[in-house]
Amino acid sequence: MRILKATYGSSDHALDVTERLQGLVKNGHLFLTVSNSLFSDPCPGRFKTLRFAFDLPGGNQFYFHEVEEHRIVLAPTVGTKLAPESSAAARYLDLLKQCLTRMIFHDLDPSVDPAQREEGHDWPKEGETMVGLRRLDNVQQCIEDILRSKVPGDLLEAGVWRGGTTILMRAALEAYGDRGRRVWVADSFEGVPKPNAALYPMDQHDALWTFQELAIPLEQVARNFARYGLLDDRVRFLKGWFKDTLPHAPIAQLAVLRLDGDLYESTMDVLRPLYPKLSAGGYAIIDDYKLIPQVRQAVDEYRGEQGITEPLQDVDWNAVYWQRAR
Ligand SMILES: C[S@@+](CC[C@H](N)C(=O)[O-])C[C@H]1O[C@@H](n2cnc3c(N)ncnc32)[C@H](O)[C@@H]1O
């Protein structure tokens, strides 16, 4: 076995570890326990991925969190020996992300620029999500971590548009055999609210409420779930303005809370009722934190008010997340 290329790190900061990994191949076998002691840590505290290609047929990639160790054994006689279910799950979720973003047939559709779509820079004509691959990877990694660490609670996105990110959430539960958690799909299904300038002056010039393309009816989002065979009673729709639906939503506990509501109001109206329900070890993910100043202001104010000091981690050029410590 020969290691052709290996990298270790996060999406925006990875080390080339080809030589290090090749040095671990003994008699054509690679026995590997992945942990931070194996390579130097390129980005402490963040999710890291070891990706490598080798000269057996095929290739593979492994996701892990730095506090955990996963034993991987590759041997030429048996090909890739990864727990079959995790390999199939990872492949299913990769394929799904390609479908949700419509990256999959980009060579057949000149309107798709894969580089833009990967980073979630454009609003897809047909895809079920606009957040791009990097942010979908982050959602998947957070879910994988809460499942591994058995952090209790459901998954929720507030601001779902065509539903793609929540479809990935439901798929990840299915892929990893979770039998109880629910996915909450919260949206007006009528687009972004008109700014309430009296209460939230920072939103007053926002024009997103005029964008009809952000108003996706619930029935269409439900059809999108059904298209992937993922519409069932563990998918719960919360229809209405966040300020009306979320304070009384029958949610006991959350393990992943993702915000994508674009306004100060739409961010505060989610954090206030729902952050207290986020379990220790769970993840808060904030889309547009780096793009929309009102979103950033709401998050910074809320964190300040509540004394939240867990560091913000970058997802990509746009989003951030943090893991709740207590
Ligand atoms: C940018 S889109 C979300 C994109 C989505 N996360 C994805 O994966 O493509 C913003 C969504 O937030 C919803 N929204 C914004 N503010 C809201 C509010 N206060 N109450 C309910 N829905 C809201 C809009 O209807 C819209 O669907």
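**Figure 1. Buried residues of helix α5 in the predicted model.** In this predicted model, the buried residues of α5 are Gly164, Thr165, Thr166, Ile167, Leu168, Met169, Arg170, Ala171, Ala172, Leu173 and Ala175. Because eleven of its twelve residues are buried, α5 is largely enclosed by the rest of the structure. The length of α5 agrees with expectation: at 1.5 Å a residue, its twelve residues should span 16 Å, and the end C-alpha atoms of α5 are 16 Å apart. Glycine 177 follows α5 and has a positive phi, near 75°.

**Figure 2. The largest nonpolar core.** This core contains 64 residues, of which Leu168, Val256, Ile285, Ile286 and Tyr321 touch the most other members. Its largest share, seven residues, is contributed by α5. A second, separate core has nine residues, including Val17, Leu21, Phe52 and Phe54. In soluble globular proteins, nonpolar side chains tend to be buried together.

**Figure 3. Surroundings of isoleucine 285.** When residues up to four places away in sequence are left out, isoleucine 285 touches Asn138, Val139, Cys142, Arg258, Leu259, Ala319 and Tyr321. Both Ile285 and Tyr321 are among the residues of the largest nonpolar core that touch the most other members.

**Figure 4. The shell around the ligand.** The ligand is surrounded by 23 residues, and those that come nearest are Thr129, Gly159, Trp161, Ser188 and Ser266. By character, the shell comprises ten nonpolar, eight polar and five charged residues. Two helices, α5 (164-175) and α8 (264-274), each supply at least two residues of this shell.

**Figure 5. Helix α8 and its packing partners.** Nine of the eleven residues of α8 are buried, and the helix is mostly covered. The buried positions are Tyr264, Glu265, Ser266, Thr267, Met268, Asp269, Val270, Leu271 and Leu274. These buried residues pack against three strands and two helices, namely β9, β12 (254-259), β13, α7 (242-245) and α9. Ser266 also belongs to the residues that come nearest to the ligand.

**Figure 6. Tryptophan 161, a loop residue with positive phi.** Tryptophan 161 is placed in the loop between β9 (154-158) and α5. Its phi is near 55°, a positive value in a residue other than glycine. Tryptophan 161 counts as buried because it has 25 C-beta neighbours inside 10 Å, where 20 or more are required. Trp161 is also one of the residues that come nearest to the ligand.

**Figure 7. Aspartate 288, a loop residue with positive phi.** The loop between β13 (278-286) and α9 (293-306) contains aspartate 288. Phi of aspartate 288 is near 70°, again positive in a residue other than glycine. With 22 C-beta neighbours inside 10 Å, aspartate 288 counts as buried.

**Figure 8. The whole chain and its low-confidence stretch.** The chain has nine helices and 15 strands, and buried residues make up 40% of its 326 residues. Among contacts between residues at least 6 apart in sequence, 70% join residues at least 24 apart. The mean pLDDT of the chain is 87, with 87% of residues reaching 70 or more. Over residues 57-85, however, the pLDDT is below 50, and this stretch has 45 contacts in the model beyond near neighbours in sequence.

How values were computed. Residues are numbered from 1 along each chain as its sequence is written. This is a predicted model: local features need pLDDT of at least 70, side-chain atom pairs count only at pLDDT 80 or more; totals for chains, interfaces and linings use all residues. pLDDT is the predictor's confidence in each residue, from 0 to 100. Two residues are in contact if their C-beta atoms, placed from the backbone, lie within 7 Å. A residue is near a molecule or strand if its C-beta atom, placed from the backbone, lies within 6 Å of it. Helices (H or I, at least four residues) and strands (E, at least two) are DSSP runs, numbered from the N terminus. Ala, Val, Leu, Ile, Met, Phe, Trp, Tyr, Cys and Pro count as nonpolar, Asp, Glu, Lys and Arg as charged, and the others, Gly among them, as polar. The expected span of a helix is 1.5 Å times one less than its number of residues. A nonpolar core is a set of buried Ala, Val, Leu, Ile, Met, Phe, Trp, Tyr and Cys residues joined through C-beta atoms within 7 Å.
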